[in-house]
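Good morning, everyone, and thanks for coming. I'd like to walk you through one structure today, so let me put it on the screen.

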Amino acid sequence: MKKFIKLFTIILIIIINSNNILAQFGKNKVQYEDFNWKFIQTVNFDIYYNDGIKYLADFAANSCEKSLSSIQKTLNHKMSSRVSVVVYSSHNEFQQTNVIMQFMPEGVGGVTELYKNRVVVPFQGNWAQLDHVIHHELVHAVLNDMFYGGTFQTALMSNGGFMLPLWMNEGFAEWESIGGMNTETDMFMRDLTLNERLPSLDRLDGYLAYRGGQTFYSYLADKYGKERVGDLINKLKIYRNLDIAFQNSFQMNFEEFSEKWQKDIKKHYFPDMEIFDDPKDFAIALTDQEKEMTFYNSSPAISPDGEKMAFISTSGGVFGIFIRKIDDKKSVKQLVSSSRSQDFEDLNMLTPGISWNNDGTKIAISAKAGGEDAVYIVNADNGKYKKYTWGIKSISSTQWSHDGKYIAFIGVKDIKSDIYLFDIENNELKQVTNDIFSELNISWSYDNKKIYFISDRANNLDGIFTSKTYKIWNSDIYSNDIYELNLETGRIQRLTYDSENRKTSIAVISGNDKLLYVSDKNGIGNIYILDLNTKKSSPLTNSIYGITQVAISNDLSKALFTVQIKGGYDIYLIKYPLDSKLKIDELPLTKFRQSQLEQKKIIASISDVNEEKQEETKLVGYGDFEITFDSQQLVQANIDAQKNLIENEQQNTLNDTISSDYVEQDYKIKFSPDLILGNPGYSTFFGVQGVTQMLFSDVLGDHQIYFQANLLLDLRNSQFYLAYNYLPNIIDYSFSIYHTSAFVLLNDNNFYRFRNFGVGATASYPFDLFNRLEINANLMFLSKENIDIPEIGSLDRYLIVPKIKYVHDNTLLGYYGPRDGTRYFLEIYGTPKLGSNGIDFATFRADYRTYIPLGMYFGFALRGAGGASFGTNPQKFFLGGTDNWINRSFSNGRLPFENPEDFAFMSFEMPLRGWAVSEVLGNKFLIGNFEFRFPFLTALIAGPLPVLIQGINGAIFFDIGTAFDDKIVGSSGNKELGNVLMSSGLGIRSYFLGIPWKIDIAWRNEIYSWSSPYYLFSIGYDF
């Protein structure tokens, strides 16, 4: 069974790779800038980076070595090879990487790929975040090495079909990188548990895999001991079976352990209901992500008159900026949508900042605009906007001054985050901080003379703290406090002194003597009031669910806050917040926060004891030994002593690796294999095939060599494709050489061999993420040979075929195909006549598809396509069938080729379900497809085998099309079909063994009636 699953997984990979090679649509990986790559080497890592950011590479190098030491200690596993780490100085640069071919939205903070086990991370202005992401991704690299040999190639050859469950993989990465539990996960799990949404371990998927998985390992370490974490993972490596590993470790099978875990988690959190307050008890819910199906409602900003709010939400799964009256839920309207054009390509939802101008007519926000971030000033009535860019790669926390003259924001430039002021009237930008520390979450004072912000600078207030004078990795980058910046003097003042508590939002109270902020001081995000005169804080809320952001109106009558609840985020309102006084000065601590403080006390007491012992001189022993003359040998040394020696040795090795004196070297291109496979493939036209695939690339993925072959007897009968892709610049180039052949039985009952041999070059120019222009030229040799009667000779053609194509695609993908947006292409290609056997034609083709969502799961898919070919030898279009059709049928039972060009330019226009492949043909075609897509079943257990068929979707479709030479001919009165074909039916889509399967039942229109049903089985995604 494992080999069966492995085989089908490989087939899926081949299908996906083939689709990528021949993709008609798809978004673009845009290279907005030229990188001059350098690298440094540590004991275990090669760190790659763009010239000029060696300081960032040094930080990453030290973080990598420190993290690897911790991971290897936990797992008792030593890496078998060096790890390549690619570091970018911003998320916008990270999105340009070619190590991973997919586009990575803002929510992706780092990635570890399996082809070469490379780690890719961006710096987003927060040193603590970067350190955490590096540690998290290195866990994946070590697990890849441990379970799969470190590469995709070894994974396919040796893992026996076992995959470490996502929740165990991501959960361990979070647990190890954070060092256990943290307040964010504790709040998340409390929310799920108290709202009766705590799933079993095997259902921890999506975001739950991170938080739920981390909780599992924390539970494991607390209940059974930290060493049992590594022990369990090592047993999974040995047994490659969850039940056996859990039974061996805990004397319970996996299901029994999961049930116990759920019960214990509930026991842990349910008592909190008596200690903390539900937000509904002290505030009014303004949004309901569950009923509205928005999942994410956050970043509220109150208009100056206190009547309206602007906020981020997810209507239809797309992040956008919305405005509504605070007291009227029905007044909501979308102002800006992301993921539709280069402007607002990505909203900075993880580091939000929405603010109003002083008269409430405009809002300021930041968002991605191509290769950099921009500040947008948006009209609050009609959504029209003005964009401002300064070459700053990352912009966040955009805040308008109360007099409307300035917009302050945090910009990440040259490996550091600083506060900037934009003078709107004079169109001038000024940098007001200039140091290596992280700046987060800014807010203006009401007199516009001060800015409040959160930073990791501790007591480093005065002095020069640049990359040349200060090594950030020697400081506590996880420090977190609130600071005040005087814009007139440039002086920075520290306002809070509890750096271990995470602060996430600041809102200044009019009067300039108090401010609100969010802190997890008691273990849950709550709102606190800070008196700027006395520097004392007092709690405003005692929420049982984590609050993340806060805003307050100018007249102090309303406070809005974002809270994580029921697995999503909602916005709540407190009326007259300063009048609602808690009866307690300090909030009760969560169990997790109590354990943290107790652990801190223990560590402090041990530290005190060690300081006292350092004053004494003592001999250091190497453990106690027992000697016996019976066995004439030494008994093993004391285990604890050995352990201390090993840990000291590891620590000394780690200390040796911490450095800032790494030698910078120029990057050199060196190819190595990503993938070498010999496996089956499938095609509607040629059926099952044996396919060999090879992919080679350099470390950065900028240079790729791809080879695919289906070898049969000799070159004339084989198929191969060899391509070199050059990707480091804004224009992507591809150079290829290819050969295809096929044996076809024609109408004269003779077998013919059709061949297409050629070389090609393509240049792809992406204008942005959604639009590109492709220019292609091919030199082709075509032939048709009679195999049965060789003396007839072959018909040969020599062609030069130029092509130009424009592609647009801003769709959002669902389970089985696009679910929202539009995609289309326009292309022109052809050939002039060369020689006596030459041909000439010009072809125009267009394909337009649009997707209309009805909520999250329902929607319409509409497609219209057409083409026409002109010239002495116009191209033929073959209409009918569907892609990757398993139980396929051909019109007249054979492939519809007559001339070599039919094979070389075979244009099968699909889908037209219910009809055979090439049911009608012509040098012009039109086709229309209409589908209503809907969820059918959530999950189904298939038969006696424990195989889960997930996410079964349904589709009701109507297809219509025609192919013709001169004119469209309808059905005649004598019951003869014309060249207009129609069909209708319904289909089911599901993933089985990781492969998308489609079953369609089609009825075709046969003049005056509909036919009996036709059943189509195929593999792949919907159009």
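I'll begin with the chain as a whole, then go to the cores, one loop residue and some salt bridges. Please keep in mind that this is a predicted model.

So, the overview. The protein chain has 1023 residues, and 54% of them count as buried. Its secondary structure comprises 16 helices and 54 strands. If you take the contacts between residues at least 6 apart in sequence, 59% of them join residues at least 24 apart. As for the outside, the accessible surface comes to about 45,600 Å², and carbon and sulfur atoms account for 54% of that.

Now to the interior. As a reminder, nonpolar side chains in soluble globular proteins tend to be buried together. Here, the largest nonpolar core contains 103 residues. Which of its members touch the most others? Those are I47, W127, F216, F257, W261 and I472. Helix 4, residues 127-148, supplies the largest share of this core, with 12 residues.

Let's stop at F216 for a moment. Setting aside residues up to four places away in sequence, F216 touches W167, M168, L201, L232, F246, F257 and W261. There is also a second, separate core, made up of 22 residues, and among them are A301, I323, I363 and V378.

Next, a residue in a loop. Where would you look for N501? You'll find N501 between strand 23, residues 492-494, and strand 24, residues 503-509. Is N501 buried or exposed? N501 counts as buried, because its relative accessibility is 5%, and the cut-off for buried is under 20%. The side chain of N501 makes a polar contact with the side chain of D498, at 2.9 Å. Leaving out neighbours within four places in sequence, N501 is also in contact with N480, S519, D520, K521 and R593.

On to the charged pairs. How many salt bridges does a search of the whole structure find? The count is 46, and I've picked three to show you.

The first one joins the side chains of K38 and D666, with 2.3 Å from N to O. This pair links distant parts of the chain, as K38 is in strand 1, residues 37-41, and D666 is in strand 33, residues 665-666, 628 residues apart. The two partners are placed like this: K38 is buried at 11% relative accessible area, while D666 is partly exposed at 49%.

The next pair is D481 and R494, whose closest N and O atoms are 2.6 Å apart. D481 belongs to strand 22, residues 481-486, and R494 to strand 23, with their positions 13 residues apart in the chain. Both ends are covered here: D481 counts as buried at 0% relative accessibility, and R494 counts as buried at 9%.

My last pair is E827 with K803, where the closest N and O atoms are 3.8 Å apart. E827 lies in strand 43, residues 818-831, and K803 in strand 41, residues 794-809, so this salt bridge ties together parts that are 24 residues apart in sequence. E827 is buried, with a relative accessible area of 6%, whereas K803 is partly exposed, at 30%.

Before I hand over, one more item on charges. Salt bridges with shared partners connect E113, K116, R118 and D674 into one network.

Thanks for listening, and I'm happy to go back to any of these places on the screen.

Methods:
Residues numbered from 1 in each chain as written. Predicted model: local features only at pLDDT ≥ 70, side-chain atom pairs only at ≥ 80, totals over all residues. Heavy atoms only, no water. Core = buried A, V, L, I, M, F, W, Y, C linked by side-chain atoms within 4.5 Å. Buried < 20%, exposed > 50% of the residue type's maximum accessible area, 1.4 Å probe, protein only. Helix = DSSP H or I, 4+ residues; strand = E, 2+ residues; numbered from the N terminus. Contact = heavy atoms within 4.5 Å. Areas by Shrake-Rupley, 256 points an atom, 1.4 Å probe, with all protein chains shown as cover. Polar contact = N/O pair within 3.5 Å; in protein donor to acceptor, adjacent residues only side chain to side chain. Salt bridge = Lys/Arg side-chain N within 4 Å of Asp/Glu carboxyl O.
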